[in-house]
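Please find below my notes on the model, set out as numbered points that can be followed alongside the coordinates. I begin with the surroundings of the ligand and then turn to the core and the strands.

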Amino acid sequence: MTEELVIIGNNFSGLGSAIACARNGCKVKIIAPKKQSILLGGLQVAPNARAALSVLGIDSHIHQKATQLAAVEIKSFDTAVNLATIPLPSEAPTYIGIAREDLYHILMDSCLTNSLIEFTDASLLAISQTEEQTNLALDNGEVVSASIVIGADGWHGKTRQFVSSGVTQQNTGYSIYRSVYPAAKLPASFSSPNTQLWLGKSCHLVTYPISNGRDVNLVFTFSDKKFPDSSIHTILSNHPILGALLNQEYSWHLSPIKKFETLFNWRRGGITLIGDAAHPMAPHLAQGAAQSFIDIACMENNLSKGQSLADAIRNMVTVRMPKAQIIARKSQISGQIFRLNGPIATARNQIIGVAGEIIINEFLQDLWLTA
Ligand SMILES: Cc1cc2nc3c(=O)[nH]c(=O)nc-3n(C[C@H](O)[C@H](O)[C@H](O)COP(=O)(O)OP(=O)(O)OC[C@H]3O[C@@H](n4cnc5c(N)ncnc54)[C@H](O)[C@@H]3O)c2cc1C
């Protein structure tokens, strides 16, 4: 008998989960509002995430759109001096930069051509459960009932609130400016196929190429207190090199960084959380979406071994919850190190200059092996 499930959310976790389940013969209904806005910026896909994504059968499409990254260059934000260069794997699974929009379309196209996957263009408004099933009230007036539901509606979604009512997130006092510039409009050094991490005092900048090197993704993280006049114009105009980014017509998108409460349960009745709905995390190790892809690969692996859908999902949670919690914690600690201020920040940069290549290389290898 064909197994059926409903997935709430149609970004990376929702679409990826749908492909994984449909590849194993399950019938999937995805409930989410049809996407209208363009997804901003890029994603670094680390080797652990790259390996996980390969189970979805979309490797050749990813290869066409991605930029393989060769190294992480760590620089001083104040002096632009290179502190350390950490080589990234040259053999598969490699480390790539990809535009969010490109990855979204690859996943969406794979869903649209799969006859086992259907879409309902609606938002989830409310959830109720009986012993046998979950009832989902939608904003188009429909009530959809299902015995198996995956909540892939992100950290601010309804399913996370339902599974753990009262769960909170707080502002950290740090914010992020994001932008994408054509590589041709930037100093040539930004076009190298590397991730650049510029470590400053209470701030850091990450850049990497996307869209086959045509564009560069820029993410500037800063302390709201240290930069009270937080316009990107003021911040960049005080910097000898990054001031070059100002004479451009490209806009920067500002958002606060949240601190998320850890969930020690991802399930309630027939609903199971996945991706950011289950384990939102600080973005400093580029592991948020990565961990979602690993959830999905774990579920796919269970299904491909012949487990029932219910068992595959339950066993995914057992394996994945402790691992995702470790990565979320490491992401938070990395953020604290990136944000150091004053003499401690200077000492951090000196240590990275002396021993950074060995320490950070080992840290990253260990991180990607953990999950
Ligand atoms: C600045 C920044 C940089 C990052 N960089 C990286 C990186 O380099 N690498 C990496 O791996 N991760 C990175 N991340 C993390 C990554 O963006 C997230 O982990 C990822 O987007 C989570 O995907 P998701 O599908 O789980 O959730 P979301 O992207 O939040 O998607 C949720 C979906 O649910 C839908 N939805 C919401 N509410 C409802 C509702 N009521 N009914 C129906 N549908 C609903 C939404 O429309 C959306 O489609 C970064 C994050 C930030 C903030």
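1. In this predicted model, helix α7 (288-304) gives four residues to the shell around the ligand, the largest share. The residues that come nearest, of the 32 around the ligand, are Gly9, Asn11, Gly154, Gly275 and Gly288. The elements that contribute two or more residues to this shell are α1 (12-23), β2 (27-32), β3 (42-45) and β13 (169-182), together with α7.

2. As to the character of this shell, 15 of its residues are nonpolar and 13 are polar, while four are charged.

3. Helix α7 appears again in the largest nonpolar core, which has 97 residues and in which Leu5, Ile7, Ala18, Ala49 and Phe293 have the most contacts; the largest share of this core, nine residues, comes from α7. In soluble globular proteins, nonpolar side chains tend to be buried together.

4. Ala49 deserves a separate look: once its neighbours within four places in sequence are left aside, Ala49 is in contact with Ala289, Ala290, Phe293 and Ile294.

5. Turning to the strands, β9 (residues 124-129) pairs with β10 (residues 134-138) in the antiparallel sense over five bridges, and Leu124 has Leu138 in β10 as its bridge partner. These two strands form a hairpin with four residues between them.

6. Strand β10 is also joined to β11 (residues 143-146), again antiparallel, by four bridges, with Val143 in β11 as the bridge partner of Ala137. The hairpin of β10 and β11 has four residues between the strands, and in this hairpin Gly141 takes a positive phi near 95 degrees.

Methods: Residues numbered from 1 in each chain as written. Predicted model: local features only at pLDDT ≥ 70, side-chain atom pairs only at ≥ 80, totals over all residues. Near = placed C-beta within 6 Å. Nonpolar A, V, L, I, M, F, W, Y, C, P; charged D, E, K, R; others polar. Core = buried A, V, L, I, M, F, W, Y, C linked by C-beta atoms within 7 Å. Buried ≥ 20, exposed ≤ 12 C-beta atoms within 10 Å, placed from the backbone. Contact = placed C-beta atoms within 7 Å. Pairing = 2+ DSSP bridges.
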